[in-house]
Amino acid sequence: MNKEQAGNLMKWATRAAILVASSLVATKFVAWWLSDSVAMQGSLADSALDLMASIVTFFAVKTALVPADDDHRFGHGKAEALAGLFQAAIMAGSAMFLALASIERLWSPKATGASEFVISVSVLAIVLSLCLVMFQSYVVRRTRSLAIAGDHLHYKGDLMMNLGVVVAAYASAQGYIYADGVFGVLIALYIVLGAKDVALPAVDMLMDKEMSDDERERISQIALGNSAVLGLHELRTRLSGRDYFIQMHLEVDGSLTVQEGHDISDAVEEQLAWEYPDAEILIHIDPPSA
């Protein structure tokens with residue numbers, strides 16, 4: 001898949017997320033207003049923050065797809081990581097707010113109202129979130145977008161959250177008045193765990209963390225697979241958005257001409273580019289190390 005096709009997929013994924021989140025915020029607000037359920041309140045707050053995050057993701061993806069320019073020679077891919085950190089921050093804030101409300105409800109429990117409507121809204125949310133998650137999963141597999149992956153985690157969390165709201169509403173209707181507060185606390189914990197999963201990859205990208213050991217070994221094997229390459233050192237890798245950056249020193253016969261060394265470098269670069277499309281690859285030629 002070329003960059004233009006990947007970019008279009010990423011844009012459609014952000015638009016779909018905004019549409020779904022907007023629909024869920026509207027319906028959940030009505031359900032919360034009628035029921036006074038803290039579990040539904042937490043679900044509403046999460047959907048509202050999901051909407052904010054999806055809007056930020058839309059602009060982050062739009063920025064990340066801008067080609068490199070004179071001021072940003074390595075492109076704009078890290079805009080996706082910044083969006084990931086924003087997503088994690090608002091998820092953590094949502095969890096804290098929900099946890100406090102749930103603890104208060106446990107301290108002063110009461111039955112919630114409009115249980116049937118709450119359940120209906122939550123089932124609608126589950127269906128919409130499931131459709132969105134399936135589409136986002138496809139986009140992440142094809143594009144490796146960190147921003148879309150973060151949004152994907154939000155809505156995977158929504159599936160579990162809305163299921164929890166359904167159970168809490170049903171239990172409360174049956175007279176289990178503590179169920180609403182208990183599920184509110186559990187939902188808050190789930191949001192915190194999701195925030196961690198969004199934040200860590202974003203921090204890794206901003207800190208230029210190396211690619212995985214398996215990926216580095218794969219790169220080394222590709223380079224050393226050229227019979228003219230006698231060794232390899234100073235392998236450096238990083239990821240910015242969906243773009244790979246790979247640097248290395250190749251050791252070749254010291255008696256070769258500059259042109260011959262350049263041809264070997266081009267051959268290795270071509271093979272790496274086949275495995276890592278759109279990667280920026282920088283190769284330095286050295287004589288064999290002592």
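Select Lys209 to begin: at 51% relative accessibility, Lys209 counts as exposed. This is a predicted model, and the tour goes from charged pairs to a buried acid and then to the rings. Now add Asp204 to the selection. The side chains of Lys209 and Asp204 meet in a salt bridge, 3.7 Å from N to O. Asp204, at 31% relative accessibility, counts as partly exposed.

**More charged pairs**

Side chains of opposite charge can pair when their charged atoms come close. Across the whole structure, a search finds eight salt bridges, so there are others to visit.

Pick Glu210 and Arg216 next. Their side chains form a salt bridge with an N to O distance of 2.8 Å. Glu210 is partly exposed at 33% relative accessibility, and Arg216 is partly exposed too, with a relative accessible area of 23%.

Then show helix H7, residues 213–224, and select Glu215 and Arg218 in it. The two residues are three apart, about one turn of the helix. Here the salt bridge spans 3.8 Å, N to O. Arg218 has a relative accessible area of 35%, which makes it partly exposed; Glu215 is also partly exposed, at 22%. From here, select Lys78, Asp208 and Arg238 together: salt bridges with shared partners join these residues into one network.

**Charges over rings**

Keep Arg238 on screen and bring up Phe245. The charged end of Arg238 sits over the ring of Phe245, 4.3 Å from the ring centre. For another example, go to Trp12, where Arg15 lies over the face of the ring at 4.9 Å from its centre.

**A buried acid**

Move to strand E3 and select Asp286. What is the nearest side chain of opposite charge to Asp286, and how far away is it? It is Arg236, 11 Å away; Asp286 is buried yet has no salt bridge. Turn on His284 as well, and you will find a polar contact of 3.0 Å between the side chains of Asp286 and His284. To see what else surrounds Asp286, leave aside its neighbours within four places in sequence: the contacts are then His233, His249, Leu250, Glu251 and Val252.

**The aromatic rings**

Finally, display the aromatic side chains, which form five aromatic pairs in this structure. Start with Phe58 and Phe59: their pair is edge-to-face, with 5.2 Å centre to centre and 80° between the planes. Phe58 is partly exposed, at 23% relative accessibility.

Now select Tyr244 and Tyr276. Are these rings stacked or edge-to-face? Their centres are 5.2 Å apart and their planes stand at 80°, so the pair is edge-to-face. Colour by secondary structure to place the two residues: Tyr244 lies in strand E2 (residues 243–251), while Tyr276 is in the loop between helix H8 (258–275) and strand E3 (280–286). The pair therefore ties together parts that are 32 residues apart in sequence. Tyr244 is buried, at 13% relative accessibility. Tyr276 is buried as well, with a relative accessible area of 2%.

For the last stop, select Phe29, Trp32 and Trp33, which ring pairs link into a cluster.

Notes: Residues numbered from 1 in each chain as written. Predicted model: local features only at pLDDT ≥ 70, side-chain atom pairs only at ≥ 80, totals over all residues. Heavy atoms only, no water. Phe/Tyr/Trp six-rings, centres within 6.5 Å; stacked < 30°, edge-to-face > 60°. Buried < 20%, exposed > 50% of the residue type's maximum accessible area, 1.4 Å probe, protein only. Helix = DSSP H or I, 4+ residues; strand = E, 2+ residues; numbered from the N terminus. Lys NZ or Arg CZ within 6 Å of the ring centre and 35° of its normal. Lys, Arg positive; Asp, Glu negative; His and termini not counted. Salt bridge = Lys/Arg side-chain N within 4 Å of Asp/Glu carboxyl O. Polar contact = N/O pair within 3.5 Å; in protein donor to acceptor, adjacent residues only side chain to side chain. Contact = heavy atoms within 4.5 Å.
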